[in-house]
Amino acid sequence: MAKENLYLCMGSACHQLGVYEVLPKLQSLMSEYDLNDRIELKGSFCLESCSCGIVMKFQDDLFINISPQNVEDKFITEILPAIQKDRVDSLATS
Ligand code: FES
């Protein structure tokens with residue numbers, strides 16, 4: 001099965017807000033939740049929501065206001081449910 005991309009904005013606004021501190025935390029969360037065989041974490045150009053904190057995107061969902069301090073919380077409450085929903089949907093249609 002092809003991996004889905006999870007994008008982390010590496011644009012200049014997100015960079016200034018500490019995206020390079022967020023990245024290693026995301027990488028360890030991905031391992032912790034055993035997502036590495038399904039999800040590819042990728043850097044992206046500006047996701048055009050520069051005034052909304054650090055931004056991530058999974059499929060059509062945009063996750064905003066991420067910071068090095070809250071990334072774990074955001075991952076568990078917003079991003080992980082979106083990823084798991086995608087899995088349920090793909091199991092239902094296969
Ligand atoms: S730089 Fe990240 S949304 Fe624009």
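**Exercise 1. Reading the sheet**

Which residue in β2 is the bridge partner of E4? Use that pair to begin tracing the sheet of this predicted model.

*Solution.*

Step 1. Start with the pair itself: E4 is bridged to I39 in β2.

Step 2. Now look at the strands around this pair. β1 covers residues 4–9, and β2 covers residues 39–44. The two pair in the parallel sense, over six bridges.

Step 3. Turn to the other partner of β1. With β3, the pairing of β1 is antiparallel and runs over three bridges. You can find one such bridge at L8, whose partner in β3 is M56.

Step 4. Continue from β3 to β4. These two strands pair in the antiparallel sense over four bridges. Here F58 has D61 as its bridge partner, and I54 stands opposite I66.

Step 5. Put the strands in order. The result is an open sheet of four strands, β2-β1-β3-β4, with mixed pairing. β2 and β4 are its edge strands, each pairing on one side only. On average, and ignoring direction, neighbouring strands are turned by 20° against each other.

**Exercise 2. A closer look at β3**

Find out how β3 is connected to β4, and decide how well β3 is covered.

*Solution.*

Step 1. Locate the turn. β3 and β4 make a hairpin, with two residues between the strands. In that turn, Q59 has a positive phi of about 50°.

Step 2. Check the burial of β3, residues 54–58. Four of its five residues are buried, which leaves the strand mostly covered.

**Exercise 3. Finding the core**

Which residues touch the most other members of the largest nonpolar core? Then work out where the core comes from.

*Solution.*

Step 1. The core has 18 residues, and those touching the most other members are C9, V22, I54, V55, M56 and I66.

Step 2. List the contributing elements. β1, α2, β3, β4 and α3 each give two or more residues to the core. The largest share is that of α3, with four residues.

Step 3. Pick V22 and follow its contacts. Setting aside neighbours within four places in sequence, V22 is in contact with L8, I54, I66, P68 and V71.

Step 4. Place this in context. In soluble globular proteins, nonpolar side chains tend to be buried together.

**Exercise 4. Helices on the sheet**

Describe how α2 and α3 pack, both on the sheet and on each other.

*Solution.*

Step 1. Begin again with the sheet and its order, β2-β1-β3-β4. Its edges are formed by β2 and β4. α2 packs on this sheet and touches β1, β2, β3 and β4, with its direction at about 155° to that of β1.

Step 2. Do likewise for α3. This helix also packs on the sheet, touching β1, β2, β3 and β4, and its direction makes about 175° with that of β4.

Step 3. Compare the helices with each other. Two packed helices are described by the angle between their axes and the distance between the axes. For α2 and α3, the angle is about 45° and the axes are 10 Å apart. α2 is therefore oblique to α3.

Step 4. Add the handedness: the crossing of α2 and α3 is right-handed.

Step 5. Name the residues at the meeting point. From α2 come V22, K25, L26 and L29, and from α3 come V71, E72 and F75.

**Exercise 5. Three residues to place**

Are R38, E48 and N65 buried, partly exposed or exposed? Say where each one sits as well.

*Solution.*

Step 1. Recall the cut-offs: 20 or more other C-beta atoms within 10 Å means buried, 12 or fewer means exposed, and anything in between is partly exposed.

Step 2. R38 lies in the loop between α2 and β2. Because R38 has 16 other C-beta atoms within 10 Å, R38 is partly exposed. Not counting residues up to four places away in sequence, R38 touches K3 and E4. From R38 to L23 the C-alpha atoms are 18 Å apart, with 15 residues of separation in sequence.

Step 3. E48 belongs to the loop between β2 and β3. E48 has 10 C-beta neighbours inside 10 Å, so E48 counts as exposed. Its phi is near 65°, a positive value in a residue other than glycine.

Step 4. N65 is in strand β4. With 13 other C-beta atoms within 10 Å, N65 is partly exposed. N65 is not a glycine, yet its phi is positive, at about 60°.

How values were computed
Residues numbered from 1 in each chain as written. Predicted model: local features only at pLDDT ≥ 70, side-chain atom pairs only at ≥ 80, totals over all residues. Pairing = 2+ DSSP bridges. Core = buried A, V, L, I, M, F, W, Y, C linked by C-beta atoms within 7 Å. Contact = placed C-beta atoms within 7 Å. Axes fitted to C-alpha atoms, helices over the stretch in contact; angles between N-to-C directions. Parallel < 35°, antiparallel > 145°, perpendicular 65-115°, else oblique. Left-handed = near helix turned anticlockwise from the far one by under 90°.
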